[in-house]
Amino acid sequence: MTPVVTSDGHASLSSSDRKTDSSVSGHEPLSWVSFYNVINGNLETTKETRCSINPATEENNPQVPVATQEDVDRAMAAAQKAFKPWAAVPYAERQKAVLAFADGLEAEKEAFSKFLTQEQGKPIHFARMELDAAVAWMRATAALELPVEKTNDGDKEIIVRYTPLGVAVGIVPWNFPILLATGKIAAAIVTGNTIIIKPSPFTPAGGLKLVELAQRYFPPGVVQVLSGDDNLGIWLTYHPTPAKISFTGSTFTGKKVMESASKTLKRVTLELGGKDPAIICEDVDIDDIATFAFLNSGQICFAIKRILVHEKIITKFRDALVKHTKALKVGEGNEEGVFLGPVQNLMQFERVKGFFADIEKDSLKVAVGGKNPGGKGYFITPTIIDQPAEDSRLVVEEPFGPIVPLLSFATDEEAISKANNTFYGLGASIWSGDIARANAIAEKIDAGTVWVNCHFEMDPRMPFGGHKQSGIGNEQGLAGLKSYCNSQTLYLRKISV
Ligand code: NAD
C-alpha cells in the first residue's frame, strides 16, 4: 500500500488502502508456522535462525530470524524513504490507519493470546488481557489530537506545532511483548514517524507476527521489525539514521541505550525498572495486595515490590496475606485456575533463584513460599519474606519475580522515607480509609505514578513514566505523542507591502 499524493500536495492513503472493520474480517487469518523479519513490506528470513524456549515446558518455540548488520542498514534505508510520504499523510488518515490496525489485532486476539502463553508463559486469561490492553492503548492513542498552540503578540501570531522526528526504533522487553510493542507503534505512527521494532530475543515471535499483521494497514517501510541476537540492540541504537529510541527494559540496559543514542543525539524515551512500595496504613483491612505483587509472576515493572505495613497491624495483615498467597495456583498457563505461570526465561529464573539462596545465607524469615517445585519449567512459588533488613538485596534490588519483602513503619514520615529510599521511582500505592492522609502521603512520594487504594490502574490517555532511575520521558497520553515530535515555534509577523 502506498500513500497517494493529491493535487494540493498532500498525501493520503488511497481508498483501497483504508481498512475498515469489514475489510479486516475479510482477511485470511495469520499463519503461526513461520516467522519473519519485515523489511520494506517484505517478509524475510535469514541464513541463520534461532528460537526462544517455552518457559513452562522448556521446549523450543518456532525458529525466528537473526538479523545481520546488512538487514539493519536495509530496514533503516526503507524507514527513511517511507518517512516523508508517511509524514505527509494527513493526521486524520493516520489515525484511521492505526484504528484499523487495532481492529485487525482484535480480530486475531485469540491466536495472539494462545501464542503469548506458549512463548511468554503467562496464563491464558492474562494473555487475553494483554491483547485487550494492546487494542485499547492503540485506540486511545489514535483518538488523541496533537495540538497546534497559538498566541497573539502585537503584530505577530506565534504558533507552536509538533512535527514528526523521522525514523524511530522501539526496543521491547519480554514481560508484555505485544502490549509494549503496540504502544510504541501507535504513538510513532500516528504522529507521522516510521518505526522499527526490536522484540526481546526471549519473546521474538509474537512481535514479528504483530508487525507482519501491521503490513495490512501501513505502507512499506512505515512499520518494520527485526529479530536478532544480542548485537541487534547495539546496531540499532548506534545507527546514524534513527532520530528516536523508545526503550522499555531494565535500568542497566537503559543506560547503555542512552550512551549509544548520545553519539548522534537521538531522542530517548526510557521506561525502566521499578521497586514500587505499597504503603498500608493501620485503618485498612485488605488481603489481596498479593495480587499486585504476583501478577505476571511478579514480572511487571510497576508490580508491588515492597509491602510497607503499619506496625500496629503487621501480624494480622501478614497472616491474611499468607492465606491469600497460598491460594494462588502456580502452573502451565493453559491449566484451569492458574494465577502464576513460569518465570519467563532461564536467565531470569536463575536470577530470581539467587534471591531464594539469600534466604538461607542471610537467615531470612519466610512468611509463605520459600521452596521451589523443581522439575520441568521455570516455576517459582510465590514467596513473602517477613521483615528482612532494610539493606538486604531483596529490599534494594528488583528481583522481577514472585518474591517480595514485607516491611513495617510506625509513622507516615517513616513510611515516606522508606518508600523513597531507592534509586527507582516508577510507581507506588497508598492504602488508607482516610483519603486526605493517603493523598498527603502520595504527594510526597518520588514516583511517576502513585495510586491511592488501588494499584495497576492505567489509562492510556494519561502520561506514564518514571522518576529518578526508573526512566526518562513518558509513554501514553499527549506527552507520549509529543515524545515522537519536534516542537517548532513560528513567529509570524505581518508587514504591509
Ligand atoms: P532488558 O533491559 O534486559 O532488555 C530489554 C530489551 O533491550 C530487549 O529487547 C533486549 O534485547 C534489548 N537490549 C539488550 N541489550 C541492549 C543494548 N545494549 N542496546 C539496546 N538494546 C538492548 O530488560 P528485560 O529483562 O527484557 O525486561 C525486564 C526489565 O524491564 C525490568 O527491569 C522491568 O522493570 C523493565 N520494564 C519496564 C517497564 C516500564 O514501562 N517502565 C515496562 C516493562 C518492563
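In the unreviewed UniProt entry, Glu-271 is listed under "active site", and the surroundings of this residue are described here from a predicted model. Glu-271 lies in strand β13, which spans residues 267–271. The residue is classed as buried because its relative accessible area is 4%, against a cut-off of under 20%. Leaving aside residues up to four places away in sequence, Glu-271 touches Phe-247, Thr-248 and Gly-249, together with Phe-464, Gly-465, Gly-466, Ser-470, Gly-473, Asn-474 and Glu-475.

Strand β14, formed by residues 276–280, is mostly covered, with 5 of its 5 residues buried. In a regular strand the side chains alternate between the two faces of the sheet. In β14 both faces are covered, since Asp-276, Ala-278 and Ile-280 on one side and Pro-277 and Ile-279 on the other are all buried. Strand β14 is joined by 5 bridges to strand β15 (residues 304–310), and the two run parallel; within this pairing, Asp-276 has Ile-304 of β15 as its bridge partner. Between β14 and β15 the chain passes through helix α10 (residues 289–294), giving a β-α-β crossover that is right-handed. Strand β14 also pairs in the parallel sense with strand β21 (residues 427–431), over 3 bridges, and here Ile-279 is matched with Ile-430 of β21.

With regard to cysteines, a search of the whole structure finds 0 disulfides. Cys-51 is buried, with a relative accessible area of 17%, and Cys-485 is likewise buried, at a relative accessible area of 10%.

Notes. Residues are numbered from 1 along each chain as its sequence is written. This is a predicted model: local features need pLDDT of at least 70, side-chain atom pairs count only at pLDDT 80 or more; totals for chains, interfaces and linings use all residues. Side-chain values use heavy atoms; hydrogens and water are left out. A disulfide is a pair of cysteine sulfur atoms within 2.5 Å. Buried means under 20% relative accessible area, exposed over 50%, partly exposed in between (1.4 Å probe, protein chains only). UniProt positions are given in the numbering used here, feature names are shortened, and annotations may be inferred rather than shown by experiment. Helices (H or I, at least four residues) and strands (E, at least two) are DSSP runs, numbered from the N terminus. Contact means heavy atoms within 4.5 Å. Two strands pair if DSSP finds at least two bridges between them. A crossover is right-handed if, with the strands pointing away from the viewer, the path from the first strand over the helix to the second runs clockwise.
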